[in-house]
Amino acid sequence: ATQAKVTMSDHSVFPAALVGADPEVDIAVLKVQPMEGYNLAPLKVGQSHSLRVGQRVFAIGNPFGLDQTLTAGIVSGLGREVQGIA
């Protein structure tokens, strides 16, 4: 799909357009188009080349249809390739 709807925590729903996706790692970037006057603040996104072991990292998503999910972790290693679980 190239179009989607995004639901905010206050239950407002806005259209969104697909900017990019990688189905192999189940990730997509959407551009949300809020109604005029709705205040959205962008998150500052880091650069992977700046990562250091010991830094805090966060993943925001909607795994398994669970709303408002945030996972936190600490970078434990760099340059590793993760093998899929069969």
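A residue is termed exposed when its relative accessible area is over 50%, buried when this value is under 20%, and partly exposed in between. By this criterion L43 is exposed, because its relative accessible area is 64%. The legends below describe a predicted model.

**Figure 1. The chain as a whole: five strands and zero helices.** From the N terminus on, the order of elements is β-β-β-β-β. The C-alpha trace extends over about 40 × 30 × 20 Å along its principal axes. The radius of gyration of the chain is 16 Å, whereas a compact globule of 86 residues would have one near 12 Å. Of the 86 residues in the chain, 9% are buried. Among contacts with a separation of 6 or more, 18% link residues 24 or more positions apart. The chain exposes about 8000 Å², of which 56% is supplied by carbon and sulfur atoms.

**Figure 2. The nonpolar surface patch formed by L43, F58, I60 and L70.** Together, these four residues present about 490 Å² of accessible area. L43 belongs to the loop that connects β3 (27–32) with β4 (56–61). The relative accessible area of L43 is 64%, so this member of the patch counts as exposed.

**Figure 3. A41, a further residue of the loop between β3 and β4.** A41 has a relative accessible area of 68% and is therefore exposed. The C-alpha atoms of A41 and S9 lie 14 Å apart in space, with the two positions 32 residues apart in the sequence numbering.

**Figure 4. The antiparallel pairing of β1 (residues 3–7) with β2.** Five bridges join these two strands. In this pairing, A4 stands opposite A16 of β2. The two strands form a hairpin, with five residues between β1 and β2.

**Figure 5. H11 in the loop between β1 and β2.** H11 sits in the turn of the hairpin made by β1 and β2. Its phi is positive, at about 75°, although H11 is not a glycine. For context, most residues other than glycine have a negative phi. H11 is exposed, because its relative accessibility is 66%.

**Figure 6. T2 and Q3 beside β2: the contacts of the N-terminal residues with A16 and A17.** T2 is placed in the segment before β1, while Q3 is part of strand β1 itself. Leaving out residues up to four places away in sequence, T2 touches A16, A17 and L18. With the neighbours within four places likewise set aside, Q3 is in contact with A16 and A17. The C-alpha atoms of T2 and A17 are separated by 6.0 Å, and the two residues are 15 residues apart along the chain. For Q3 and A17, which are 14 residues apart in sequence, the C-alpha to C-alpha distance is 4.7 Å. T2 counts as exposed, because its relative accessibility is 55%. Q3, at 54% relative accessibility, is therefore exposed as well.

**Figure 7. The antiparallel pairing of β2 (residues 13–22) with β3.** Six bridges join β2 to β3. Within this pairing, L18 stands opposite L30 of β3, and A21 has A28 of β3 as its bridge partner. L18 is also one of the residues that T2 touches.

**Figure 8. The turn of the hairpin formed by β2 and β3.** Four residues lie between the two strands. D26 is located in this turn and has a positive phi of about 55°. The hairpin of β1 and β2 likewise has a residue of positive phi in its turn, namely H11, at about 75°.

Note on methods
Residues are numbered from 1 along each chain as its sequence is written. This is a predicted model: local features need pLDDT of at least 70, side-chain atom pairs count only at pLDDT 80 or more; totals for chains, interfaces and linings use all residues. Side-chain values use heavy atoms; hydrogens and water are left out. Patches are made of residues with over 30% relative accessible area and no salt bridge: like charges are joined within 9 Å, nonpolar side chains (Val, Leu, Ile, Met, Phe, Trp, Tyr) within 5 Å. Accessible areas come from the Shrake-Rupley method with a 1.4 Å probe; for residues, only the protein chains shown count as cover. A salt bridge is a side-chain nitrogen of Lys or Arg within 4 Å of a carboxyl oxygen of Asp or Glu. Buried means under 20% relative accessible area, exposed over 50%, partly exposed in between (1.4 Å probe, protein chains only). Two strands pair if DSSP finds at least two bridges between them. The radius of gyration is taken over C-alpha atoms; the globule rule is 2.2 Å times the number of residues to the power 0.38. Contact means heavy atoms within 4.5 Å.
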